[in-house]
Amino acid sequence: MPLHVTALADPDRTPSSHRLAWLARGDDGAPLGYAFLRLFTKEGQKHLAELTLHVHTAERRAGTGTRLLDTAVAAAREDGRRSVVAQADADTPGDHFLAARGFRVVLGLTYARLALDELDAVRTDAIDAIADRPHPGYRLVSWHGTVPDELARTFAASRRALDDMPMGDTDYGVVVWDVERVLAAAEAVADRGDLLTTVAAVDEADGSVAGFSELVVPGDGRGDGLHYGTGVLPEHRGHGLGRWMKAEPIRLARTRHPGLAGLVTDTADGNTHMRRINDALGYVPTHKVLEYQLDL
C-alpha cells in the first residue's frame with residue numbers, strides 16, 4: 001500500500017529540548033503510525049536524540065515502522081547527533097523491531113509497583129516507621145510544585161546526585177541542572193495537569209539540600225502515581241537518606257490522595273542499592289523495559 005510520511009509542527013519545546021514529528025498515512029489519508037524525535041539542546045546532551053515510534057497494530061509488518069525510523073534517523077544525522085535512544089517493553093514487537101534494525105540494548109529497567117489500595121496495617125506501619133526514624137544532622141522538608149526560593153539553588157545543585165546513577169552503556173551524557181531548568185521541569189508537570197511533590201533531606205549544618213525524591217500524581221488523584229528520581233549527594237551517602245526520603249512521599253500520597261491506587265517506579269537493573277530500597281518499601285516488580293541505542 002502506498003505510504004506517505006508528513007512532517008508535523010510540534011509545539012512541545014522546552015528550555016532543554018524540542019521535538020520533530022512525523023505522521024505516516026495511507027492513500028486514503030488514514031493515519032498508520034507516527035514518530036517523535038526529541039533533540040536535546042543543553043550542554044552535555046547535544047549529541048543525543050530520543051525516538052518514540054508507534055504503528056497501529058493492524059498496520060504492522062508493512063513497512064510503515066521502517067519508513068518512519070529511516071526518516072527520524074536521517075533527521076538525527078542531519079542535526080549532527082551521535083546517538084539515538086529508544087525504549088521498548090521486553091519481548092514485545094517494539095523490542096524485536098529495534099533489535100532487527102541495528103539498535104543494541106544498552107540498559108535494562110525494572111518497573112515495580114506499590115499497591116496503595118492493598119496495603120495492610122503491617123506494611124503501612126513499617127513504611128511510617130522508616131519515614132519517622134530520625135537521622136541526626138538532617139531534616140525532611142517537602143513542597144508541591146516549584147521549589148521554594150530559599151532552597152532553589154542547593155536543590156538544583158543536588159541534582160548531580162543522579163550523575164553517577166547506573167546507566168549501562170547508554171551514551172546519555174551529563175544533564176546540567178540549574179535553577180532555570182528545575183523551575184521549567186516543575187512547570188512542565190503542572191502544564192500537563194499533574195501534581196508534583198518533592199521530599200528533600202536538608203543538611204542542618206548549612207541548610208543545603210543533601211538529596212531528594214520526587215513523586216508525580218495524576219491531577220484527579222486517581223490511578224497510579226509515578227515515583228520519579230531519588231538521589232543523595234555522594235558526600236551525604238551512607239546515612240540511610242535514600243530510603244528515608246522515598247518512604248515519606250508514600251505516606252504523603254496515602255494521606256493527601258486517598259483515591260490513588262498505587263505508585264510506580266523504574267530502576268536500572270544495575271542499581272542494586274535502589275532496588276533493595278524498593279523491596280524494603282514493598283514495591284513489587286511488574287515488567288522490564290529495554291533501552292536501545294543506535295550509534296550514528
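Helix H6 (residues 241-256) supplies 4 residues to the lining of the largest cavity, the largest share of that lining. The model is a predicted one. Helix H6 also takes part in a salt bridge with helix H3, through Arg 254 and Asp 128.

**Internal cavity**
- The count comes to 1 cavity of 30 Å³ or more.
- The space in the largest cavity amounts to about 40 Å³.
- Its lining is made up of His 144, Thr 197, Leu 215, Pro 249, Leu 252, Ala 253, Arg 256 and His 257.
- By residue class, this lining comprises 4 nonpolar, 3 polar and 1 charged.

**Salt bridges between distant parts of the chain**
- In total, 13 salt bridges are present in the structure.
- Asp 295 and Arg 104 pair through their side chains at 2.9 Å, N to O. This contact joins strand S13 (residues 284-295) to strand S7 (residues 104-115), with the two partners 191 residues apart.
- Asp 295 is partly exposed at a relative accessible area of 42%, and Arg 104 is likewise partly exposed at 35%.
- Arg 254 and Asp 128 form a salt bridge at 3.4 Å, N to O. Arg 254 lies in helix H6 and Asp 128 in helix H3 (residues 121-132), 126 residues apart.
- Arg 254 is partly exposed, with a relative accessible area of 22%, whereas Asp 128 counts as buried because its 16% relative accessibility falls under the 20% cut-off.

**Further charged contacts**
- The side chains of Asp 194 and Arg 192 meet at 2.8 Å, N to O, in a salt bridge.
- Asp 194 has 22% relative accessibility and counts as partly exposed; Arg 192 is partly exposed at 46%.
- A network of salt bridges links Asp 132, Glu 248 and Arg 251.

Technical notes: Residues are numbered from 1 along each chain as its sequence is written. This is a predicted model: local features need pLDDT of at least 70, side-chain atom pairs count only at pLDDT 80 or more; totals for chains, interfaces and linings use all residues. Side-chain values use heavy atoms; hydrogens and water are left out. On a 1 Å grid over the protein atoms alone, a cavity is a set of points where a 1.4 Å probe fits but cannot get out, and a pocket is an open set with protein on both sides within 12 Å along at least five of seven lines; lining residues have an atom within 4 Å of a point. Grid points are joined across faces, edges and corners, and a volume is the space filled by probe spheres set on the points. Helices (H or I, at least four residues) and strands (E, at least two) are DSSP runs, numbered from the N terminus. Ala, Val, Leu, Ile, Met, Phe, Trp, Tyr, Cys and Pro count as nonpolar, Asp, Glu, Lys and Arg as charged, and the others, Gly among them, as polar. A salt bridge is a side-chain nitrogen of Lys or Arg within 4 Å of a carboxyl oxygen of Asp or Glu. Buried means under 20% relative accessible area, exposed over 50%, partly exposed in between (1.4 Å probe, protein chains only).
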